[in-house]
Amino acid sequence: MMLGYLLARAGVEVVVLEKHDDFLRDFRGDTVHPSTLRTMQELGLLEDFLRLPHQRLERLDGHFGKNRVHLADFAGLPKSYGFVAFMPQWDFLKFIAEKAKRFPHFSVLMGANVTELLRDGPRVLGVRAESHDGPLEVRAPLTIAADGRHSTVRELSGLTLRDLGAPIDVLWFRVPCGKTKIEPVLAHVDAGRILVTLDRGDYYQCAYVIAKGEADAIKARGIAAFQADVRAIVPELDEQLGALHSFDDVKLLTVMVNRLEQWSAPGVLCIGDAAHAMSPVGGVGINLAIQDAVAASNLLAEPLRRNRVTEDDLRRVQARRALPTRVTQALQIQAHERVLGPALARSDHDFGAPLIFRLATRSSSLRRLLGRIIGVGVRSEHVRTAEAAPIEHS
């Protein structure tokens, strides 16, 4: 949606296909990081965007055993975007779609499920899709796969995916806020248990981290035992946990960390989770995807306007975004191996936070550095395109 907005703004004709009839789904990845907020500011959209209901988080704290640590803060960034905004992703998508309507080159087709790639030999010429009005074809000089970590377009393209492995899965659930809110601590790490709590105003969005493949064993113990496990790490949620009536209220996120060896083929390009699935560590997946979109727009808008996009143009997008993808995934794998894995394996309660977090608690400079890494990332993108009138193709 963001890439569609950016390209249409630059004068490129764009059709966005969305297989669902609306955006009202629980994406869970609802953290809008400073890098994305800065992009919205560069587009002149930030003020309107922040009128949507959201919550702000200006620093990241955690509990490791009995010790509270300061993980990172965003104080070193400009105040206009120096925070994480918690906002339902459906509101984000609807906002961008509504703003894009002012561009004559933009359209979105809801309820259009891609089933096949149109080809001329190895070159992709567009897609076939099923819609409420029957089959349809969309032909285009470039097809963008932005359809997530289970990407249909990627699978049909035959591009090779490299699995980097992940030793964790996540059980997501929500509980209402009580009369007295719990401390604004993001991560609660105790012996054998890890819980992330995101304050969404009138409810907490919670992520209970488990070892890979343990979901069935946890469900077999029953919902009461699961409630007891959560209660043991955050006793303040005792009353609210009654909102979990069964495991129908708990959703499994199978964590994947992978990336394509090559993001493109003739006529097709993958970005976001379709190119590189990220761990939920840091909540950076959506924000890396948007940075991919900005980079793709910067590099491809002019070739697309002139209908002269080449395979070299597509490879430049990967060359631009490969470093932040690799660095972020490497950091996430380190977090899996050095923080999450050891915490889940512990049986005693007397353990401390990793050294870097203990140092960050004592050093505002280190907290700001970590805040910049989490909030802005490596090689963050700036919008380089301007609104443009369409170019007539010869």
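**Reading enclosure, ring pairs and voids**

Student: Which elements do the buried residues of helix α1 pack against?

Tutor: They pack against β1 (14–18), α2 (34–42), α4 (89–100), β7 (106–110), β11 (143–145) and α8 (285–305). Please keep in mind throughout that this is a predicted model.

Student: How many residues of α1 are buried, and what follows from that?

Tutor: As a general idea, an α-helix has 3.6 residues a turn, so residues three or four places apart point the same way. In this structure, 8 of the 8 residues of α1 (residues 2–9) are buried, so the helix is largely enclosed by the rest of the structure. The buried residues are M2, L3, G4, Y5, L6, L7, A8 and R9, and the helix is followed by G11, whose phi is positive, near 95°.

Student: Turning to a single residue, is T31 buried or exposed?

Tutor: Burial is judged by relative accessible area, with under 20% counting as buried. T31, which lies in strand β2 (residues 31–32), is buried because its relative accessible area is 11%. Leaving aside residues up to four places away in sequence, T31 touches V84, A85, F86, L198, G283, I286 and N287. With G283 there is also a polar approach, in that a polar atom of the T31 side chain lies 3.0 Å from the backbone oxygen of G283.

Student: How many aromatic pairs does the structure hold, and how should one read their geometry?

Tutor: There are 7 aromatic pairs. For the geometry, the angle between the ring planes decides the class, with over 60 degrees counting as edge-to-face and under 30 as stacked, while the rest are tilted. The pair of F64 and F357 is tilted, with 6.0 Å from centre to centre and 40° between the planes. Since F64 lies in strand β4 (residues 59–64) and F357 in helix α10 (residues 355–362), this pair ties together parts that are 293 residues apart in sequence. Both F64 and F357 are buried.

By contrast in class, F173 and F226 form an edge-to-face pair, at 5.6 Å centre to centre and 80° between the planes. This pair also links distant parts of the chain, F173 being in strand β13 (residues 168–176) and F226 in helix α7, 53 residues apart. F173 counts as buried at 4% relative accessibility, and F226 is buried with a relative accessible area of 0%.

Student: Which residues do ring pairs link into a cluster?

Tutor: The cluster consists of F173, Y208, F226 and F247.

Student: What is the volume of the second largest pocket, and what is found around the space?

Tutor: A pocket is an open set of points, whereas a cavity is one from which the probe cannot get out. The second largest pocket holds about 220 Å³ of space. Its lining has 13 residues, of which H63, H188, I233, P235 and E236 are the closest to the centre. The elements giving two or more residues to this lining are β14 (187–190) and α7 (223–233), and the largest share, 3 residues, comes from β14. By class, the lining of this pocket has 7 nonpolar, 3 polar and 3 charged residues.

Student: Which residues line the largest cavity?

Tutor: The count gives 1 cavity of 30 Å³ or more, and the largest cavity has a volume of about 40 Å³. Its lining is made of R123, P141, L142, P266, G267, V309, T310, E311 and L314, which divide into 5 nonpolar, 2 polar and 2 charged residues.

Notes. Residues numbered from 1 in each chain as written. Predicted model: local features only at pLDDT ≥ 70, side-chain atom pairs only at ≥ 80, totals over all residues. Heavy atoms only, no water. 1 Å grid on protein atoms, 1.4 Å probe; cavity = no way out; pocket = protein on both sides within 12 Å on 5 of 7 lines; lining within 4 Å. Points joined across faces, edges and corners; volume = space filled by probe spheres on them. Helix = DSSP H or I, 4+ residues; strand = E, 2+ residues; numbered from the N terminus. Nonpolar A, V, L, I, M, F, W, Y, C, P; charged D, E, K, R; others polar. Buried < 20%, exposed > 50% of the residue type's maximum accessible area, 1.4 Å probe, protein only. Polar contact = N/O pair within 3.5 Å; in protein donor to acceptor, adjacent residues only side chain to side chain. Contact = heavy atoms within 4.5 Å. Phe/Tyr/Trp six-rings, centres within 6.5 Å; stacked < 30°, edge-to-face > 60°.
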